[in-house]
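Here is a short note for a colleague who is opening this entry and would like some places to begin looking. Please keep the sequence and the structure side by side while reading.

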Amino acid sequence: MANMALLATWFPDHKAKGPSMRTAPTFFRNLEEALDLRRAERSVFLVGAIRTEFLNELARNPGFELGAGGSRLLNGNNAYTEAAEAEIAEFHGGESALLFHSGFEANTAIMAAIPRPGDAIVYDELIHASMHEGMQASKAPCKKSFKHNDVDSFRETLLEVLETQSLIKQGKRCVLICLESMYSRDGDVAPLRELIAVAKELFPEGNAQFLVDEAHTTGVLGRQGRGFVNELGLEDEVAIRMHTYGKALATTGAVVVSNQTIREVLINHARCFIYSTAPSFPMVAAIRAGYKLLMTGQTQALQDSLQRLVKHFFETITANPVYDEANDAGILSTPPRRRLGVSPVSHAGHTRDDASTLAGLSVFPIDYPVVPKGKGRVRVVLHAGNTTNEVEKLAATICEWAQEMLDIEESGKGGAKIPSAARQV
């Protein structure tokens, strides 16, 4: 079985080889030049690394069984899963960790099990559907949203809760504040530090606590990919963090990082945990393999490459001559640049079959009910393996489409004429 040392021999360095192959057959020279693009991004070495580490993890535990056997409260628990959770908790700077089959299941469990009768839930209006699902089963009678990433609206909502919920005002009940670290539909990040400051000001006794969904920042932000909360150094200020593994870690499942009290409540009160089959060994092994890559720094080159690509995308698209006019017209916009270094979502009141698809780019329409009516957009996620040329092509294609939309609007036929890409489809 191949190990990491053997894999390293496949690509021992990242030097370009194409320039040295002028006399070689064109067939092989072209292939090396294609590889040079990946070498420039330093992403060749880690292609397949998660698979290799996963296979190594299976080899280290040859007696594993495929099935879980039952729920963790019956015969589905085991020392291997417990050890994995302990490693995950330590990595994320938490007291404990509890694995779930998905981020949806984890969020639903938290929302349904943690707020007690008389508590309140305050949430960003754009939180994930899984939290809304959990709120339907929550015992908290008071549920109020605040405007997306709006600190003033957040303050007003907390004050309203204080004024209208007498038990909370007396300090006998609590508030669970729910948000995402990065919102995948718009690509923006939460003003977490400012929100925490407001909560501590209005609830100095600590009966307002945060749940942060880190689905889109796990493995991308923070030291060794620990997430957005870690990047801000706020681990001690956030009671519950939810990390998922279906994105940057390329596997399945999710984990709730918290103190031991939260973990025990979830084990004893979260129905989707109590009545679900435990995670299987292959699932936990894949998660553990991903963490080994994070812990040993083997993903850092990819993380750095992603940051460079995101920055280059923003700089390229906003420098295009059409960008400002299209932005003012409400045709094209990009996420607020509170910070760089998040997988971007570029959105533009899209047609379902847009120019990007026909240009050979993989983009996806996000429409109602995932986003409000009239707020549809094209979702673009950059990956560490992309090249600068691909990013520039993406930005140019989007701006070409925006120019055509501006021309249509200027002609006065906006309601009767569709862009060429849609006509071609």
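The numbered points below go from the whole chain to two helix pairs and one buried residue.

1. Please bear in mind throughout that this is a predicted model. The protein chain contains 18 helices and 11 strands, and of its 425 residues 51% are buried. When contacts between residues at least 6 apart in sequence are considered, 70% of them join residues at least 24 apart.

2. The pair to look at here is helix α4 (residues 79-91) with helix α13 (residues 281-295), whose axes lie 10 Å apart and make an angle of about 30°. Since angles under 35 degrees count as roughly parallel, α4 and α13 are therefore described as roughly parallel to each other, and their crossing is left-handed.

3. On the α4 side of this contact one finds Tyr-80, Thr-81, Ala-83, Ala-84, Glu-87, Ile-88 and Phe-91, which meet Phe-281, Val-284, Ala-285, Ile-287, Arg-288, Tyr-291, Leu-294 and Met-295 of α13. Sorted by class, the residues of the contact between α4 and α13 comprise 12 nonpolar, 1 polar and 2 charged.

4. Is Glu-57 buried or exposed? This residue belongs to helix α3 (residues 49-60), and its relative accessible area is 3%, which is under the 20% cut-off, so Glu-57 counts as buried. Leaving aside residues up to four places away in sequence, Glu-57 touches Tyr-80, Ala-285, Arg-288 and Lys-292; Tyr-80, Ala-285 and Arg-288 are also among the residues named in the contact of α4 with α13.

5. A second pair is formed by helix α7 (residues 151-164) and helix α9 (residues 192-202), which pack at an angle of about 25° with their axes 10 Å apart. These two helices are therefore also roughly parallel to each other, while the crossing in which α7 passes α9 is right-handed.

6. In this second contact, Val-151, Phe-154, Arg-155, Leu-158, Leu-159 and Leu-162 of α7 meet Glu-194, Leu-195, Val-198, Ala-199, Glu-201 and Leu-202 of α9. The residues involved divide into 9 nonpolar and 3 charged, with no polar ones.

7. Where on α9 do its buried residues lie? The residues concerned are Leu-192, Leu-195, Ile-196, Val-198, Ala-199 and Leu-202, and because they cover an arc of only 160° around the axis, they are on the same side of α9. The elements that cover these buried residues include α7, β4 (175-180), β7 (208-213) and α10 (228-232).

Note on methods:
Residues numbered from 1 in each chain as written. Predicted model: local features only at pLDDT ≥ 70, side-chain atom pairs only at ≥ 80, totals over all residues. Heavy atoms only, no water. Axes fitted to C-alpha atoms, helices over the stretch in contact; angles between N-to-C directions. Helix = DSSP H or I, 4+ residues; strand = E, 2+ residues; numbered from the N terminus. Parallel < 35°, antiparallel > 145°, perpendicular 65-115°, else oblique. Left-handed = near helix turned anticlockwise from the far one by under 90°. Contact = heavy atoms within 4.5 Å. Nonpolar A, V, L, I, M, F, W, Y, C, P; charged D, E, K, R; others polar. Buried < 20%, exposed > 50% of the residue type's maximum accessible area, 1.4 Å probe, protein only. Arc of directions from axis to C-beta.
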